[in-house]
Amino acid sequence: MNLGEIQEALRERKFDAWLFYDHHHRDPIAYRVLGVREDLMVTRRWFYLIPAQGEPAKLVHRIEAGHLDPLPGSKDVYSGWQELWDKLRTMVSSHTTLAMQYSPNNLIPYVGLVDAGTVELVRGFGNTIVSSADLVARFEAVWSEEQVASHFAARDAIDKVTAAAFQEIGRRVRNGGTHEHEMQQWILEAFRRENIITEDLPVVAVNQHSSDPHFEPRADRSARIKLGDHVLLDIWGKKNTPNAVYYDITWTGVVGKPSEQQRKIFEVVRRGRDAAIQAVESAIKERRKIAGWEVDRAARDSITQAGYGEYFIHRTGHSIGVSVHANGANMDNLETKDEREIIPNSCFSIEPGVYLPEFGVRSEVNMLVRKGSAEVTGKIQQELVEI
């Protein structure tokens, strides 16, 4: 935890304090931002308040009194609920506006982790609760230079594996055949050789399965891949090194020659993807603020104008970090209206898709934003792969 940086961010936003709270590990953000051990046994509520100026304060249960000891600040303890309420009221009494892991109307559920009852309790003391969403993005989604380097290292490995996977699919189809799960396992073996790890398994999806954005190939439901089939590869991973960050891409191809319909749908998706990329690049170049929902709108407007808006059924992209889905701004004006600003040294995916009953197309790239510039960090698919 960098206390000075957190307090500076609070003053910039004119927040009086940031109130952290947890019970039974309901708020993983708190542990990461504060640097508290995530393997603690947490059976009682704890609170940690960082004021915009001055010394932080801790409130912990007597039987877990040492949980926040590594953090700076004064400590108070409680046992009963009345004592908790009294001491919490005293803790927050001189801070009118408190940031908490709360999202009005749960618009950003990734940040809305404090239960409604606790919000009601603190509001009952006369405090105003505001969302910590932008603070979380600053301290969860901003990359160090070492993390940027790890992203590019993962890119080099995964781009190579993806190209080789398409080649291997073509070779196997023409020499005895293969299926989705078998190729997923082939990718995982390639990951092991490249020292790449992943939270969840890569997607190899054929024909109708590619119309399911979160299809999971399994041994008991693995479709065979044949000549003429449409194939989607969604592949993400990071280097097996401390604090490494993810690289996450989706490419599509056809075993043989694509049909006119397949080419048409890919072109619709490509234009939507490029509209979103352009929206980010121009805003950052002009030093104009841009929020995640605006990027989604650019892609969605393009696909809707082409007549396929009803088949674009998910957000345009997500924040990327140590977890493949991180806590920065998502490119979303569909599932949520993500009003968080895209900030320097953050990374996110742009991955619009069109999902017809017979096949689906998604084209995913990663964008890294710097001060005054934004870039796609890997190869950009410009036409369907002829496998």
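In what follows, helices (H or I, at least four residues) and strands (E, at least two) are DSSP runs that are numbered from the N terminus. The model is predicted, and local features are therefore used only at pLDDT of at least 70 and side-chain atom pairs only at pLDDT 80 or more, while totals for chains, interfaces and linings use all residues. Residues are numbered from 1 along each chain as its sequence is written, and side-chain values use heavy atoms, with hydrogens and water left out.

**Exercise 1. The largest cavity**

Find the residues that line the largest cavity, and name the element that supplies the largest share of them.

*Solution.* On a 1 Å grid over the protein atoms alone, a cavity is a set of points where a 1.4 Å probe fits but cannot get out, whereas a pocket is an open set with protein on both sides within 12 Å along at least five of seven lines, and lining residues have an atom within 4 Å of a point. Grid points are joined across faces, edges and corners, and a volume is the space filled by probe spheres set on the points.

Step 1: this rule gives two cavities of 30 Å³ or more, and the largest has a volume of about 60 Å³.

Step 2: its lining consists of Ala137, Ala141, Ser319, Gly328, Ala329, Glu341, Ile342, Ile343, Ser346, Cys347 and Phe348.

Step 3: strand E14 (residues 346-350) gives the largest share of that lining, namely three residues.

Step 4: sorted by class (Ala, Val, Leu, Ile, Met, Phe, Trp, Tyr, Cys and Pro nonpolar; Asp, Glu, Lys and Arg charged; the others, Gly among them, polar), the lining holds seven nonpolar residues, three polar and one charged.

**Exercise 2. The second largest cavity**

State the volume of the second largest cavity and list its lining.

*Solution.* Step 1: the second largest cavity holds about 30 Å³ of space. Step 2: Tyr21, Asp22, His23, Arg26, Asp27, Leu113 and Val114 line this cavity, and they divide into three nonpolar residues, one polar and three charged.

**Exercise 3. Two pockets**

Describe the largest and the second largest pocket by volume, by lining and by the residues at their centres.

*Solution.* Step 1: the largest pocket contains about 570 Å³ of space. Its lining has 25 residues, and those closest to the centre are Pro213, His214, Asp234, Trp236 and His325. By class, this lining has eight nonpolar, seven polar and 10 charged residues.

Step 2: the second largest pocket contains about 480 Å³, and among its 21 lining residues Arg32, Phe139, Glu140, Gln147 and Val322 lie nearest the centre. Helix H1 (3-12), helix H2 (28-34) and helix H5 (133-140) each contribute at least two residues to this lining, and H5 gives the largest share, three residues. The lining of the second largest pocket has nine nonpolar, eight polar and four charged residues.

**Exercise 4. One face of a helix**

Which residues of helix H3 are buried, and why do they line one face of the helix?

*Solution.* Step 1: helix H3 covers residues 81-92, 12 in number, and spans 17 Å from its first C-alpha to its last, close to the expected 16 Å, where the expected span is 1.5 Å times one less than the number of residues.

Step 2: the buried residues of H3 (buried means under 20% relative accessible area, exposed over 50%, partly exposed in between, with a 1.4 Å probe and protein chains only) are Leu84, Leu88, Met91 and Val92. Seen down the axis of H3, these buried residues fall within an arc of 80° (taken from the directions from the helix axis to the C-beta atoms), so they line one face of the helix.

Step 3: the elements that cover these residues include strand E1 (17-22), strand E2 (46-51) and helix H4 (116-124).

**Exercise 5. Single residues**

Decide whether serine 132, glutamate 120 and histidine 25 are buried, exposed or partly exposed.

*Solution.* Step 1: serine 132, in the loop between strand E6 (128-131) and H5, has 0% relative accessibility and therefore counts as buried. Apart from neighbours within four places in sequence, serine 132 is in contact (heavy atoms within 4.5 Å) with Trp18, Ala99, Met100, Gln101, Tyr102 and Val111.

Step 2: glutamate 120 lies in helix H4 and is exposed, because its relative accessible area is 57%.

Step 3: histidine 25 lies in the loop between E1 and H2 and, at 32% relative accessibility, counts as partly exposed. Histidine 25 also has a positive phi of about 60°, although it is not a glycine. Most residues other than glycine have a negative phi.
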